[in-house]
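Walk through this structure element by element. Keep the view open while reading.

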Amino acid sequence: DEREVGVDGFGYDSKVYYSITQGGGMGDQAVRFPIVGNETVLDAVTQVNGLTAASSSRIWVARPGRSAHGCDQILPVDWMAISQRGSVETNYQLLPGDRVYIEEDKLVALDNKMAKLLAPIERVFGFTLLGASTLNGINNVNSRNFGSGF
């Protein structure tokens, strides 16, 4: 009695972690990466091309509970210790389902929110100034052409 067994490649990408980066008031970016070895927080940050101008150095790992009644964990990351001192204490090894969260720089986020709020007002003022400047230009041309003859 011969039996055949088929194996599907479905399970290859089943062990993943996520890097979530706040965009400084411009929306979050979430990227999914496969776990293929011993990925750490430093690996996760390099996978998203490092910290951007909108990123702060406040980073943590959100680790979901492993059972139905398990508690989720928040593991704070000391980015300066990892990147500048070579410390491995908070350079956690990532597990399937982990989320590496990179918070936005609050001042950049505030600046971007203010820019979104003020942009329509600036457009209206710009349009008004353009119209007033155009009318002034037309009036100056008319007064030069017709002002001395009348």
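**An exposed ring, then the sheet**

Phenylalanine 125 counts as exposed, because its relative accessibility is 55% and the cut-off for exposed is over 50%. The model is a predicted one. Find phenylalanine 125 in helix H3, which covers residues 106-146. This side chain belongs to a nonpolar patch on the surface. The other members of the patch are Leu107, Leu110, Met114, Leu117, Leu118 and Ile121. Together with Phe125 they offer about 720 Å² of accessible area.

Now turn to the sheet. Five strands form an open sheet in the order E2-E1-E5-E3-E4. The pairing is mixed. Strand E2 (29-34) and strand E4 (73-78) are the edges, and each pairs on one side only. On average, neighbouring strands of this sheet are turned by 20° against each other, direction ignored. Strands of a sheet pair through backbone hydrogen bonds, either parallel or antiparallel.

Look at one pairing in detail. Strand E1 spans residues 16-21, and strand E5 spans residues 99-104. They run in the parallel sense and share four bridges. Serine 19 has valine 100 of E5 as its bridge partner.

Side chains also link E5 to E3. Which rings stack here? They are those of tryptophan 60 and tyrosine 101. Their centres lie 4.7 Å apart and their planes meet at 25°, so the pair is stacked. The cut-off for stacking is under 30 degrees. Tryptophan 60 sits in strand E3 and tyrosine 101 in strand E5, so the contact ties together parts 41 residues apart in sequence. Both rings fall under the 20% limit for buried: tryptophan 60 has a relative accessible area of 19%, and tyrosine 101 has a relative accessibility of 17%. This is one of two aromatic pairs in the structure.

Charged contacts come next. How many salt bridges does the structure hold? There are three. One of them joins arginine 58 to glutamate 103, with the closest N and O atoms 2.9 Å apart. Arginine 58 lies in strand E3 (residues 55-63) and glutamate 103 in strand E5, so this pair ties together parts 45 residues apart in sequence. The two partners differ in exposure. Arginine 58 is partly exposed, at a relative accessible area of 48%. Glutamate 103 is buried, at 14%.

Another salt bridge connects aspartate 98 with arginine 63. Here the closest N and O atoms are 2.7 Å apart. Aspartate 98 lies in the loop between helix H2 (79-85) and E5, while arginine 63 lies in strand E3. The pair links distant parts of the chain, 35 residues apart. Are these two residues buried or exposed? Both aspartate 98 and arginine 63 are buried.

The remaining salt bridge is between arginine 85 and aspartate 78. Its closest N and O atoms are 3.6 Å apart. Arginine 85 counts as exposed, because its relative accessibility is 60%. Aspartate 78 is partly exposed, with a relative accessible area of 35%.

Return to strand E5 to connect these parts. E5 pairs with E1 in the parallel sense. Tyrosine 101 of E5 stacks on tryptophan 60, and glutamate 103 forms a salt bridge with arginine 58. Both tryptophan 60 and arginine 58 lie in strand E3. In the order of the sheet, E5 stands between E1 and E3.

How values were computed. Residues numbered from 1 in each chain as written. Predicted model: local features only at pLDDT ≥ 70, side-chain atom pairs only at ≥ 80, totals over all residues. Heavy atoms only, no water. Pairing = 2+ DSSP bridges. Helix = DSSP H or I, 4+ residues; strand = E, 2+ residues; numbered from the N terminus. Axes fitted to C-alpha atoms, helices over the stretch in contact; angles between N-to-C directions. Salt bridge = Lys/Arg side-chain N within 4 Å of Asp/Glu carboxyl O. Buried < 20%, exposed > 50% of the residue type's maximum accessible area, 1.4 Å probe, protein only. Phe/Tyr/Trp six-rings, centres within 6.5 Å; stacked < 30°, edge-to-face > 60°. Patch = residues over 30% accessible without salt bridge, like charges linked within 9 Å, V, L, I, M, F, W, Y side chains within 5 Å. Areas by Shrake-Rupley, 256 points an atom, 1.4 Å probe, with all protein chains shown as cover.
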